[in-house]
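Open the model in your viewer and keep the selection panel at hand. The tour goes from the whole chain to a ligand site, then to the helices around it.

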Amino acid sequence: RKREQAQLRDEATESADGHHFDINANIGSPKDLDAVVANGAEGIGLFRTEFLFIDSDHLPTEDEQFAAYKAALQSMDGKPVTIRTMDIGGDKQLSYWKLPKEDNPFLGYRAIRISLKQDDIFRTQLRALLRASVYGNLWIMFPMIATLQEFRDAKKIYEEEKQNLTAKGVKFADNIKLGIMVEIPASAVLADKFAKEVDFFSIGTNDLIQYTMAADRGNDSVSYLYQPYNPAILRLVHNVIDAAHKEGKFVAMCGEMAGDPVAVPVLMGLGLDEFSMSASSVLPTRSLMKRLNVAEMQKLAKVALDKETNQEVIDLVKQSVN
Ligand code: PEP
Ligand code: MG
């Protein structure tokens, strides 16, 4: 069984009928990199950089951030590394930088909303990312994008920091990809418009489910509404994937759903390109995907999209996949 796992670790992820998918890992800091390599992930699909801010007693400096991003890029040795700019706010607070107290933190000042307003912190992070980019294959994404204007504003700041570095003679890679997290229903609905401007999407189902169902992802009293397989969620995911593919763009998913054995067959059928999950889920998911046929999963996904409830989709998948 150990041998089997070791073999699986070094294989690419292919369905039984020969379709390739990427299985990437989510990390919170360079400490997690060993597990990513040990489990044979095909890249890093989400580096939650806010943990550099949370696990520190000061705003991480440009050089401190540079060291962390460089470590991630080097350890992946040319495989894609998707680094998300910081997602502070919501339930993630900092001891040394008090944000205003809010009645609805999950609907408040969070992630890209902070980055665009306090752009000095954002610019420091972007410079660290750009400088690190020469050490590997860097993809940058912005969290909690609700409008095209936010993406354009963030991209403008990114381009300005590129110019500043160029003026100083500092090198950075010329093939960095720039994308967004799709985790707010507005961007999932308007995915066809976003797809014309971004290089890639990464669907953040943890928040997308929370905001679509209007149910706090951490509140037990409403956890019955946290329904990953609700056809409302599946239809949003379907819309995002189709819109991206029409523009020839790549779609990842980095929420918990990407490593969930009930969701994976449906997501394969919907044509998701990359599944990013905790390192410990990589090999079990690769093993599951190898047993499934995409042609069959496409039929399954079509039926799932037409179901009425979360439970009906669970039952459907359990009957069809064993
Ligand atoms: C998500 O919302 O699905 C996601 C991956 O981001 P986080 O869990 O860090 O909010
Ligand atoms: Mg999120």
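Helices and strands here are DSSP runs, with at least four residues for a helix and at least two for a strand, numbered from the N terminus. Keep in mind that this is a predicted model.

**Whole chain**

Show the protein chain as a cartoon. The chain has 15 helices and nine strands. Its radius of gyration is 19 Å, close to the 20 Å that the globule rule gives for 322 residues, so the chain is as compact as a globular protein of that length. Turn to the C-alpha trace: along its principal axes this spans about 60 × 45 × 35 Å. Colour by burial next, and 44% of the 322 residues count as buried. Among contacts with a separation of 6 or more, 70% join residues 24 or more positions apart.

**Ligand 1**

Centre on ligand 1. Select the residues around it: Leu 46, Arg 48, Asp 87, Glu 183, Gly 204, Thr 205, Asn 206, Asp 207, Cys 254 and Gly 255. By type, this shell divides into two nonpolar, four polar and four charged residues. Which elements each supply at least two residues of the shell? They are strand 3 (44-48) and helix 10 (205-213). Helix 10 gives the largest share, three residues.

**Glu 183 and Asp 207**

Now pick two members of that shell. UniProt, in an unreviewed entry, lists Glu 183 and Asp 207 under "binding site". They span 25 residues in sequence, yet their C-alpha atoms are no more than 5.3 Å apart, so they gather at one spot.

Zoom in on Glu 183. This residue is found in the loop between strand 6 (177-182) and helix 8 (185-189). Is Glu 183 buried or exposed? A residue is buried if 20 or more other C-beta atoms lie within 10 Å of its own. Glu 183 has 26 within that distance, so it is buried. Leaving out residues up to four places away in sequence, Glu 183 touches Met 144, Gly 204, Asp 207 and Leu 208.

Step across to Asp 207, in helix 10. Asp 207 also counts as buried, with 23 C-beta neighbours inside 10 Å.

**Helix 10**

Select the whole of helix 10. Seven of its nine residues are buried, so the helix is largely enclosed by the rest of the structure. The buried ones are Thr 205, Asp 207, Leu 208, Ile 209, Gln 210, Thr 212 and Met 213. What do they pack against? Show strand 6, helix 8, strand 7 (200-203), helix 11 (231-246) and strand 8 (250-253). Just after helix 10, click Ala 214: its phi is positive, near 55°.

**Helix 11**

Move on to helix 11, one of the packing partners of helix 10. At 1.5 Å a residue, its 16 residues should span 22 Å; the end C-alpha atoms are 22 Å apart, which agrees. Highlight its buried residues: Ile 233, Leu 234, Leu 236, Val 237, His 238, Val 240, Ile 241, Ala 243 and Ala 244. An α-helix has 3.6 residues a turn, so residues three or four places apart point the same way. Helix 11 is followed by Gly 248, whose phi is positive, near 70°.

**Last stop: Lys 193**

Finish at Lys 193, in helix 9 (residues 191-194). Lys 193 counts as exposed, with 11 C-beta neighbours inside 10 Å. Draw a distance from its C-alpha atom to that of Glu 247. The two atoms are separated by 9.8 Å, while the residues are 54 apart along the chain.

Key: Residues are numbered from 1 along each chain as its sequence is written. Chains are lettered from A and ligands numbered from 1 in the order in which they are written. This is a predicted model: local features need pLDDT of at least 70, side-chain atom pairs count only at pLDDT 80 or more; totals for chains, interfaces and linings use all residues. The radius of gyration is taken over C-alpha atoms; the globule rule is 2.2 Å times the number of residues to the power 0.38. A residue is buried if 20 or more other C-beta atoms lie within 10 Å of its own, exposed if 12 or fewer, and partly exposed in between; C-beta atoms are placed from the backbone. Two residues are in contact if their C-beta atoms, placed from the backbone, lie within 7 Å. A residue is near a molecule or strand if its C-beta atom, placed from the backbone, lies within 6 Å of it. Ala, Val, Leu, Ile, Met, Phe, Trp, Tyr, Cys and Pro count as nonpolar, Asp, Glu, Lys and Arg as charged, and the others, Gly among them, as polar. UniProt positions are given in the numbering used here, feature names are shortened, and annotations may be inferred rather than shown by experiment. The expected span of a helix is 1.5 Å times one less than its number of residues.
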